Amino acid sequence: WTMGRSILSVIVGYLVMAIAIMALFAIWFRGKVTPPSDGFMLFSLGYGFVFAVVGGYVTAMIAGRSELKHALALALLSVLMGIVSMVASARQEPFWYQIANMVVMVSAVVLGGYLRVRQVRKARGPGGLGTTA
């Protein structure tokens, strides 16, 4: 179950990010054929950062162990999907945006995993035993 849980944690974390981003683009560009503005791309980087933090946190939470390693696995998946996106959407999005998107996603996912690690450590308390309630 632990291997399955590890895989599930990364998939669910990725889905959190992907669905949030797809929703933003579906709502923003509904019926529009114009390319995104620089302002929208900057906004989407910030929006993506928030949901990547959530994705990293969710991944670490579901994993239930080695939280930061699981968040790093999600970060790696994000980079791989970013490369696929760069190839698939070459010349549709500026190169700066594609690189910035990968940097933002990786840093945010790792931050989300780190926040979960901090939460778990705090819950365990100074003795490291945590609560049994």
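This is a guided tour of a predicted model, one selection at a time.

**Stop 1: the whole chain**

Show the whole protein as a cartoon. Count the elements: there are 4 helices and 0 strands. Follow the chain from the N terminus, and the order reads α-α-α-α. Now turn the model. Along its principal axes, the C-alpha atoms fill a box of roughly 55 × 25 × 25 Å.

How much of the protein is buried? Of its 133 residues, 33% are buried. Next, think about which parts of the chain touch. Take the contacts between residues at least 6 apart in sequence: 75% of them join residues at least 24 apart.

**Stop 2: H1 and H2**

Select residues 2-28, which form helix H1. Add residues 38-63, which form helix H2. The axes of H1 and H2 are 8 Å apart, and the packing angle is about 160°. Do these two helices run roughly parallel or antiparallel? An angle over 145 degrees counts as roughly antiparallel, so H1 and H2 are roughly antiparallel to each other. The crossing of H1 past H2 is right-handed. Colour the contact of H1 with H2 by residue class: it has 19 nonpolar, 6 polar and 1 charged.

**Stop 3: H2 and H4**

Keep H2 on screen. Add residues 95-124, which are helix H4. The axes of H2 and H4 come within 7 Å and cross at roughly 30°. Angles under 35 degrees count as roughly parallel, so H2 is roughly parallel to H4. This crossing of H2 and H4 is right-handed. Sort the contact of H2 with H4 by class, and you find 18 nonpolar, 8 polar and 2 charged residues.

**Stop 4: Ser44**

Stay in H2 and select Ser44, which sits in this helix. Is Ser44 buried or exposed? Its relative accessibility is 2%. Buried means under 20%, so Ser44 counts as buried.

Show the side chain of Ser44. One of its polar atoms lies 2.9 Å from the backbone oxygen of Met41. Now look for partners beyond four places in sequence. Ser44 touches Leu24, Phe25 and Tyr97. Leu24 and Phe25 fall within H1, residues 2-28, while Tyr97 falls within H4, residues 95-124.

**Stop 5: Ser66**

Move on to Ser66. You will find Ser66 in the loop between H2 and helix H3, residues 67-88. Check its backbone: phi of Ser66 is near 40°, a positive value in a residue other than glycine. Why pause at a positive phi? Most residues other than glycine have a negative phi. Switch on the surface too. Ser66 has 33% relative accessibility, so this residue counts as partly exposed.

**Stop 6: H1 and H3**

Hide H2 and H4. Keep H1 and H3. The axes of H1 and H3 come within 9 Å and cross at roughly 50°. That angle makes H1 oblique to H3. H1 passes H3 in a right-handed crossing. Which residues make the contact? On H1, select Ser6, Ser9, Val10, Gly13, Tyr14 and Met17. On H3, select His70, Ala73, Leu74, Leu77, Ser78 and Met81. By class, the contact of H1 with H3 has 7 nonpolar and 5 polar residues, with no charged ones.

**Stop 7: Val10**

Zoom in on Val10 in H1. With a relative accessible area of 12%, Val10 is buried. What does Val10 touch, leaving aside neighbours within four places in sequence? Its partners are Thr59, His70, Ala73, Leu74 and Leu77. Thr59 falls within H2, residues 38-63. The other partners, His70, Ala73, Leu74 and Leu77, are on the H3 side of the contact of H1 with H3.

Try a distance here. Pick the C-alpha atoms of Val10 and Ala26. They are 24 Å apart in space, and the two residues are 16 apart in sequence.

**Stop 8: Ser78**

Finish in H3, at Ser78. Is Ser78 buried or exposed? It has a relative accessible area of 9%, so Ser78 is buried. Leaving aside neighbours within four places in sequence, Ser78 is in contact with Met17, Met105 and Val109. Met17 belongs to the H1 side of the contact of H1 with H3. Met105 and Val109 fall within H4, residues 95-124.

Notes: Residues are numbered from 1 along each chain as its sequence is written. This is a predicted model: local features need pLDDT of at least 70, side-chain atom pairs count only at pLDDT 80 or more; totals for chains, interfaces and linings use all residues. Side-chain values use heavy atoms; hydrogens and water are left out. Buried means under 20% relative accessible area, exposed over 50%, partly exposed in between (1.4 Å probe, protein chains only). Contact means heavy atoms within 4.5 Å. A polar contact is a pair of N or O atoms within 3.5 Å; within protein, one must be able to donate a hydrogen and the other to accept it, and residues adjacent in sequence count only if both atoms are side-chain atoms. Axes are lines fitted to C-alpha atoms, for helices over the stretch in contact, and angles run from 0 to 180 degrees between N-to-C directions. Angles under 35 degrees count as roughly parallel, over 145 as roughly antiparallel, 65 to 115 as roughly perpendicular and the rest as oblique. A crossing is left-handed if the near helix is turned anticlockwise from the far one by less than a right angle, and right-handed if clockwise. Ala, Val, Leu, Ile, Met, Phe, Trp, Tyr, Cys and Pro count as nonpolar, Asp, Glu, Lys and Arg as charged, and the others, Gly among them, as polar.
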